[in-house]
Structure formats: C-alpha cells, structure tokens
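Subject: Structure handover

Hello,

Please find below the sequence and structure to be passed on to you. My notes come after it.

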Amino acid sequence: MALHGPALVTGSSGFLGWHLVNRLVAEGVSVTGLDFADPRQPLPAGVRDLRIDIRDRDRVHAAIADVHPE
C-alpha cells in the first residue's frame, strides 16, 4: 500500500530518517521532519523541519495534530 501523505518523520536529521525523508519526497509525499538536532545534510526543498525533542510529549502531540500524518 502506497503512502500518499502527509508524513511525519521522527529522527529526520539522522541517517535513516534523512534517507526516508528523501525517498518519500521523491515519491511525491508531503513530509514534515521532526528532530531535536539540525540535519547533517540539507533536507530536500519543501520539507517542513521542526526542532522538537521527541521526549516533549505536548509538543509532539501538537505537531501530530498540526500535520495529520497518514
């Protein structure tokens, strides 16, 4: 089953997350990346980048409510 988006990728600045973000964007999915650190490599154009610590429950819930990921 293909993902049509939008997608919220936690750990988007890390190795796996960065590659997942790039793959989803290449497939035409609207992506929001969520990580506490700045990406080591630039994220693709059009990716919304949120600096949130995954341990911050309230901010993570707010991001999910805002993005409405599939």
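The notes below cover the sheet, the helices and the cores.

This is a predicted model, in which local features need pLDDT of at least 70 and side-chain atom pairs count only at pLDDT 80 or more, while totals for chains, interfaces and linings use all residues. Residues are numbered from 1 along each chain as its sequence is written, and side-chain values use heavy atoms, with hydrogens and water left out.

Three strands (DSSP E runs of at least two residues, numbered from the N terminus) form an open parallel sheet in the order 1-2-3. Strand 1 and strand 3 (48-51) each have a single partner strand (pairing requires at least two DSSP bridges), so one side of each has no neighbour in the sheet. Strand 1 and strand 2 (residues 31-35) pair over four bridges; T10 has L34 in strand 2 as its bridge partner.

Helix 1 (helices are DSSP H or I runs of at least four residues) packs on the sheet and touches strand 1 and strand 2 (contact: heavy atoms within 4.5 Å).

The largest nonpolar core has nine residues, among them W18, V21 and L43. Such a core is a set of buried Ala, Val, Leu, Ile, Met, Phe, Trp, Tyr and Cys residues joined through side-chain atoms within 4.5 Å, where buried means under 20% relative accessible area with a 1.4 Å probe, protein chains only. Strand 1 (7-10) and helix 1 (15-26) each give two or more residues to this core, and helix 1 gives the most, with three.

Regards

Notes
Buried < 20%, exposed > 50% of the residue type's maximum accessible area, 1.4 Å probe, protein only. Axes fitted to C-alpha atoms, helices over the stretch in contact; angles between N-to-C directions.
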